[in-house]
Structure formats: structure tokens, C-alpha cells
2 protein chains.
Amino acid sequence: MKKPSGEKDSDEYRQRRERNNLAVKKSRMRSKQKAVDTQQRVNELKEENERLEAKIKLLSKELSVLKDLFLEHAHNLADNVQPPAGTEGSSPAPNNTSTNGQ
Amino acid sequence: MKKPSGEKDSDEYRQRRERNNLAVKKSRMRSKQKAVDTQQRVNELKEENERLEAKIKLLSKELSVLKDLFLEHAHNLADNVQPPAGTEGSSPAPNNTSTNGQ
DNA sequence: AGTCATTGCGCAATGG
DNA sequence: CCCATTGCGCAATGAC
């Protein structure tokens, strides 16, 4: 079963093995590096995500403030701009506290 | 040079090899699966990111609309509710009704 | 001392 | 034909 000297045993064979071994090492290095990169990508994306969520929170807050201002104004219009000559309403300050709970 | 019976060649040795090979396979499967999971995590995070950015865009738009409304209102106030004492005014009757096409 | 887990390495098959 | 990628086994080492 053992080819005595080998049609293909110890000549260019060895050479090819060597080369392949190198290729294998290289390939595996790359593969590993890629895994590392991917993991890092995850971290970056996570951070980005947090940034975005913070921004959303901020914008939402701003929005709700502005909306509240609008509502307040509308109420003022409805309550104040009605000075009917003859009716003593006397509603000095319409208590208005409607906060949006998100 | 060949230990005929081998102090440790074909007995529990084979058994141990077998076991180890199994363990190796298992470990590598896991490792590979983890890589896949990580990659998927990246995709999920990317999607999430896009969603968040869309939301930010929307909120920003809303905000700018509201802000514009405020500015407009402020201008109206400055122009109408300021009858400067001494200068012949312009519009005695506050022109109401901004945009109503019905 | 014993077991499984993880890792670097080489071989061979296979895919470009 | 050459390199790249992948499954597999071996052996050393790690961790418990």
C-alpha cells in the first residue's frame, strides 16, 4: 500500500503542502479578523442606536412642550377674548394642566 | 521504533480521541453559530437604526411646522396688536381668518 | 486525575 | 495550475 518512492510523495508535493498551509493560515486569519470586525460593528451600531433614541426623546419632549403651548393659547382665546358686555363671568385663571404622558 | 503493543496506543487512547473529536466538532459548531448570530444582530441593529432615523425625521418635521406656526403668530402680534400712539395706523380691524379654503 | 472545551496546525477535497 | 475555503482529526492547553 505504500508507494516505495512515490510517484508524488516528496518533491513538489511537499512544496504544495507548504503553500497550502500558508494559504490556510492566511484564510483563517482573515476569517477571524472578520469576526472581530463584525463584533465591533455591533458595538458601533448599539452606540448609534442609543444616540438616536436620546435624540428622539429630546425631540418628543420639545414637541410636547410646543403642543402644550398651543393648547394653552387656544384656551386663552376661548376664555378671554369673550368680554361680553353684561355677563360677569369672572374666570381669572383657567387652570390648565394637561401633560401628555407619552 | 514502533511500540508493538504500545503503552498507550489503541485502547483508551482511541476512546479519548473519539471523545475529543466530538468535543471539537461541537465547539466549532457553536463558534460558527455565534458568528451567524452576531451577523444577524448587525442586521437587526441596522434596521432598528433606520427606523429610528425615520422617526427622527418625522419628529423634526413636526417640530419645524409648529415652530413656523409660532413665528407666524408672533409676526401677527407684532403687526396687529401694536397700534403705535402717534403714527397713523394701518388696519383698524384685525384681519382674522388666515387660511381657510373650506 | 479525569473530563470536556478551545485553539493552532496540518491534510485533503473542493471551489474559483 | 495556483490560491482560497472548509471539514476533519491530532495534540497541547485551558478550565473546572
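How many residue pairs are in polar contact between chain B and chain A, both at pLDDT 80 or more? The count is one residue pair. A polar contact is a pair of N or O atoms within 3.5 Å; within protein, one must be able to donate a hydrogen and the other to accept it, and residues adjacent in sequence count only if both atoms are side-chain atoms.

The model is predicted: local features need pLDDT of at least 70, side-chain atom pairs count only at pLDDT 80 or more, and totals for chains, interfaces and linings use all residues. Residues are numbered from 1 along each chain as its sequence is written, chains are lettered from A and ligands numbered from 1 in the order in which they are written, and side-chain values use heavy atoms, with hydrogens and water left out.

**View 1. The interface of chain B and chain A.**
Chain B gives 21 residues to the contact, and chain A gives 21 residues. Contact means heavy atoms within 4.5 Å. The size of an interface is often given as the accessible area lost when the parts come together. Here the buried area is about 2100 Å², with 77% from carbon and sulfur atoms. Buried area is the accessible area (1.4 Å probe) that two parts lose on being put together, summed over both. B:Ile56, B:Leu63 and B:Phe70 supply 25% of the area that chain B buries against chain A, more than any other three residues.

**View 2. Salt bridges across the interface.**
The rule finds two salt bridges between chain B and chain A. A salt bridge is a side-chain nitrogen of Lys or Arg within 4 Å of a carboxyl oxygen of Asp or Glu. By class, the side of chain B that touches chain A has nine nonpolar, five polar and seven charged residues. Ala, Val, Leu, Ile, Met, Phe, Trp, Tyr, Cys and Pro count as nonpolar, Asp, Glu, Lys and Arg as charged, and the others, Gly among them, as polar. B:Lys67 pairs with A:Glu62, the closest N and O atoms being 3.5 Å apart. B:Lys67 is partly exposed at 41% relative accessible area. A:Glu62 is also partly exposed, at 30%. Buried means under 20% relative accessible area, exposed over 50%, and partly exposed in between (1.4 Å probe, protein chains only).

**View 3. Salt bridges within helix α1 of chain B.**
Over all chains, the structure holds eight salt bridges. The pair of B:Lys67 and A:Glu62 crosses between chains, from helix α1 of chain B to helix α1 of chain A. Helices (H or I, at least four residues) and strands (E, at least two) are DSSP runs, numbered from the N terminus. B:Arg16 and B:Glu12 form a salt bridge at 3.6 Å, N to O. Both lie in helix α1 of chain B, four residues apart, about one turn of the helix. B:Arg16 is partly exposed at 46%, and B:Glu12 is partly exposed at 42%. B:Arg41 and B:Glu44 form a salt bridge at 3.9 Å, N to O. They are three residues apart in helix α1 of chain B, so about one helical turn separates them. B:Arg41 is partly exposed at 34%. B:Glu44 is partly exposed at 43%.

**View 4. The surroundings of B:Thr38.**
B:Thr38 lies in helix α1 of chain B. Its relative accessibility is 15%, which counts as buried. Leaving aside neighbours within four places in sequence, B:Thr38 is in contact with A:Thr38, A:Gln39 and A:Val42.

**View 5. The surface near DNA strand C.**
Around DNA strand C are 16 residues, and A:Tyr13, A:Arg14, A:Lys32, B:Ser27 and B:Arg28 come nearest. A residue is near a strand if one of its heavy atoms lies within 4 Å of it. Of the strand C atoms within 4 Å of the protein, 51% belong to sugar or phosphate and the rest to bases. A polar side-chain atom of B:Ser27 lies 2.9 Å from a phosphate oxygen of DNA strand C. For B:Arg30, a polar side-chain atom lies 3.3 Å from a phosphate oxygen of this strand. Two or more residues come from each of α1 (12-80) of chain A and α1 (12-80) of chain B.

**View 6. The surface near DNA strand D.**
DNA strand D is surrounded by 16 residues, the closest being A:Ser27, B:Tyr13, B:Arg14, B:Asn21 and B:Lys32. Sugar and phosphate account for 58% of the strand D atoms that come within 4 Å of the protein. A polar side-chain atom of B:Lys32 lies 2.3 Å from a phosphate oxygen of DNA strand D. For B:Asn20, a polar side-chain atom lies 3.1 Å from a base nitrogen of DNA strand D.
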